[in-house]
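Student: Could we go through this one together? I would like to start with individual residues and then step back to the whole chain.

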Amino acid sequence: RGTIQNIVGKTISGMIRAFSSLAEDILVAVGPSLGPCHSQFLEREKDFRGFEPYFLDNSRVNLLAITRHQLREVGIRPSHMELSDICTVCRHDLYFSFRGDKPDCGRFASVIGVLR
């Protein structure tokens, strides 16, 4: 849901407005998440309208590629992005995964900070 709603882009745009941050100074790290190997969405047209280029087949979408695109759209340099390619479903022995562990799954935390 966060990817579809462009939460990463909205957050960075908010940082730029609220703190006078410069996009070229922002560093972004995205931890383990649902990988394309397990990102099957059966209602593609309903849930992912506009994201067709990111589908690998009829039901699997590359969410990290969407996030990377959204970061570039708000001015984040590719050299300032670190996106993990670890799938939480594949590695639910190490990470929480709603799809891999439901209903007994934990949660991840997000951290946003301003360094002066």
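**Charged pairs, rings and buried residues**

Tutor: Asp57 is partly exposed, at a relative accessible area of 33%. In this vocabulary, buried means under 20% relative accessible area, exposed means over 50%, and partly exposed lies in between, with a 1.4 Å probe and protein chains only. This is a predicted model, in which local features need pLDDT of at least 70 and side-chain atom pairs count only at pLDDT 80 or more, while totals for chains, interfaces and linings use all residues. Residues are numbered from 1 along each chain as its sequence is written, and side-chain values use heavy atoms, with hydrogens and water left out.

Student: Which side chain does Asp57 meet in a salt bridge?

Tutor: That of Arg60, at 2.8 Å from N to O. A salt bridge here is a side-chain nitrogen of Lys or Arg within 4 Å of a carboxyl oxygen of Asp or Glu. Arg60 is partly exposed, with a relative accessible area of 27%.

Student: And how many salt bridges does the structure hold?

Tutor: There are two. Besides the bridge just described, Arg91 and Asp93 join their side chains at 2.9 Å, N to O. Arg91 is partly exposed at 34% relative accessibility, whereas Asp93 is exposed at 56%.

Student: Changing topic: what about aromatic pairs?

Tutor: The structure holds three of them. One is formed by Phe48 and Phe51; their ring centres are 6.2 Å apart and the planes make an angle of 80°, so the pair is edge-to-face. Rings of Phe, Tyr and Trp (its six-membered ring) pair if their centres lie within 6.5 Å; planes under 30 degrees apart are stacked, those over 60 are edge-to-face, and the rest are tilted.

Student: Why does Phe48 count as buried?

Tutor: Because its relative accessible area is 2%, which falls under the cut-off of 20%. Phe51 is buried too, at 16%.

Student: Which residues do the ring pairs link into a cluster?

Tutor: Phe41, Phe48, Phe51 and Phe55. These four also appear in the largest nonpolar core, which has 12 residues, including Leu34, Tyr54, Val61 and Cys87. Such a core is a set of buried Ala, Val, Leu, Ile, Met, Phe, Trp, Tyr and Cys residues joined through side-chain atoms within 4.5 Å. A second, separate core has 10 residues, among them Ile26, Val28, Ile76 and Leu83.

Student: Where is Cys87, then?

Tutor: Cys87 sits in the loop between strand S2 (81–83) and helix H4 (98–101). Helices (H or I, at least four residues) and strands (E, at least two) are DSSP runs numbered from the N terminus. Cys87 is buried, at 6% relative accessibility.

Student: Which residues is Cys87 in contact with?

Tutor: Neighbours within four places in sequence aside, Cys87 is in contact (heavy atoms within 4.5 Å) with Ser33, Leu34, Gly35, Cys37 and His38. The C-alpha atoms of Cys87 and Cys37 are 7.8 Å apart, although 50 residues separate the two in sequence.

Student: Now Ser39. Is it buried or exposed?

Tutor: Ser39 is buried, at 0% relative accessibility. Ser39 belongs to the loop between S1 and helix H2 (44–47). The Ser39 side chain reaches the backbone oxygen of Val61 at 2.3 Å, and one of its polar atoms lies 3.3 Å from the backbone oxygen of Pro36.

Student: Which residues outside glycine have a positive phi?

Tutor: Two can be named here: Asn6, with phi near 55°, and Ser20, with phi of about 55°. Asn6 lies in the segment before helix H1 (7–19) and is partly exposed at 25%. Ser20 is in the loop between H1 and strand S1 (28–30) and is exposed at 59%.

Student: Finally, what pattern does the protein follow along the sequence?

Tutor: The order is α-β-α-α-β-α, from four helices and two strands. Of the 116 residues, 33% count as buried. Among contacts with a separation of 6 or more, 54% come from residues 24 or more positions apart.

Notes
A polar contact is a pair of N or O atoms within 3.5 Å; within protein, one must be able to donate a hydrogen and the other to accept it, and residues adjacent in sequence count only if both atoms are side-chain atoms.
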